[in-house]
Amino acid sequence: MFAVGVATLTAILKRAGYEVSVIDCWAFPQKYREVGALVAGLEPDWVGVGALSSQYNYTRQIVQSIRKATRVLIILGGSGPTLTPE
């Protein structure tokens, strides 16, 4: 599934001069355990995670993987976190 929101934010941030990396966890779902190490290696200022409400459990696993590897700020977006922020 193509994430229009992620693509839009990436383009806006790059145009503004920011360095942006995108890790597509939905393309390789079996790799979610490795996401934390990938993120930690990039040493980002923050991480954005987009998710649909139907992806709640998978998104939770991704966030946990990132949390185990680094204490970076994680910002959740997409319909799931927007509709149910708790």
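**Exercise 1.** In which loop is E43 found?

*Solution.* The structure is a predicted model. Step one is to place the residue: E43 is found in the loop between α2 and β1, where β1 covers 46-50. Step two is to classify its surface. The relative accessibility of E43 is 68%, and exposed means over 50%, so E43 counts as exposed. Step three is to look at the backbone. The phi of E43 is near 50°, which is a positive value in a residue other than glycine. Most residues other than glycine have a negative phi.

**Exercise 2.** Describe the overall layout of the protein: its elements, their order and its dimensions.

*Solution.* Begin with the count: the protein has four helices and two strands. Then read along the sequence, which gives the pattern α-α-β-α-β-α. Next, take the extent of the C-alpha trace, which spans about 35 × 25 × 25 Å along its principal axes. Compare the radius of gyration with the expected one: a compact globule of 86 residues would have a value near 12 Å, and the protein has 13 Å, so the two agree. Then turn to burial, where 23% of the 86 residues count as buried. Finally, consider how far along the chain the contacts reach. Of the contacts with a separation of 6 or more, 72% are between residues 24 or more positions apart.

**Exercise 3.** At roughly what angle do the axes of α2 and α3 cross, and which residues make the contact?

*Solution.* First identify the two helices: α2 consists of residues 35-42 and α3 of residues 56-69. Their axes come within 7 Å and cross at roughly 50°. An angle under 35 degrees would count as roughly parallel, and one from 65 to 115 as roughly perpendicular. The crossing falls in neither range, so α2 is oblique to α3. The handedness comes next: α2 passes α3 in a right-handed crossing.

Now list the residues. From α2 the contact takes V35, G36, A37, V39 and A40, and from α3 it takes I62, S65, I66 and A69. Sorted by character, the residues of this contact are seven nonpolar, two polar and no charged.

**Exercise 4.** Which residues does A69 touch, not counting residues up to four places away in sequence?

*Solution.* A69 lies in helix α3. With that neighbourhood in sequence left out, A69 touches G36, A37 and A40. Take the pair A69 and G36 as a check: the two are 33 residues apart along the chain, and their C-alpha atoms are separated by 5.1 Å. As for the surface, A69 has a relative accessible area of 38%, so A69 is partly exposed.

**Exercise 5.** Are T59 and Q64, both in α3, buried or partly exposed?

*Solution.* Place both residues first: T59 is in helix α3, and Q64 is in helix α3 too. Buried means under 20% relative accessible area. T59 has 6% relative accessibility, so T59 counts as buried. Q64 has a relative accessible area of 39%, so Q64 is partly exposed.

Then examine the surroundings. T59 touches W26, V49, A51 and L76, not counting residues up to four places away in sequence. Q64 and G36 are 28 residues apart in sequence, with 8.1 Å between their C-alpha atoms.

**Exercise 6.** Where is G80, and which residues does G80 touch beyond four places in sequence?

*Solution.* G80 is in helix α4, which runs over residues 79-83. Leaving out residues up to four places away in sequence, G80 touches A51, L52 and S53. For distance, consider S54: G80 and S54 are 26 residues apart in sequence and 7.4 Å apart in space, C-alpha to C-alpha. The relative accessible area of G80 is 6%, so G80 is buried.

**Exercise 7.** What separates the C-alpha atoms of P29 and T8 along the chain and in space?

*Solution.* Locate P29: this residue lies in the loop between α1, residues 4-15, and α2. Along the chain, P29 and T8 are 21 residues apart. In space, their C-alpha atoms are separated by 22 Å. To finish, classify the surface of P29: the relative accessible area is 39%, so P29 is partly exposed.

Conventions:
Residues are numbered from 1 along each chain as its sequence is written. This is a predicted model: local features need pLDDT of at least 70, side-chain atom pairs count only at pLDDT 80 or more; totals for chains, interfaces and linings use all residues. Side-chain values use heavy atoms; hydrogens and water are left out. Axes are lines fitted to C-alpha atoms, for helices over the stretch in contact, and angles run from 0 to 180 degrees between N-to-C directions. Angles under 35 degrees count as roughly parallel, over 145 as roughly antiparallel, 65 to 115 as roughly perpendicular and the rest as oblique. A crossing is left-handed if the near helix is turned anticlockwise from the far one by less than a right angle, and right-handed if clockwise. Contact means heavy atoms within 4.5 Å. Ala, Val, Leu, Ile, Met, Phe, Trp, Tyr, Cys and Pro count as nonpolar, Asp, Glu, Lys and Arg as charged, and the others, Gly among them, as polar. Buried means under 20% relative accessible area, exposed over 50%, partly exposed in between (1.4 Å probe, protein chains only). The radius of gyration is taken over C-alpha atoms; the globule rule is 2.2 Å times the number of residues to the power 0.38.
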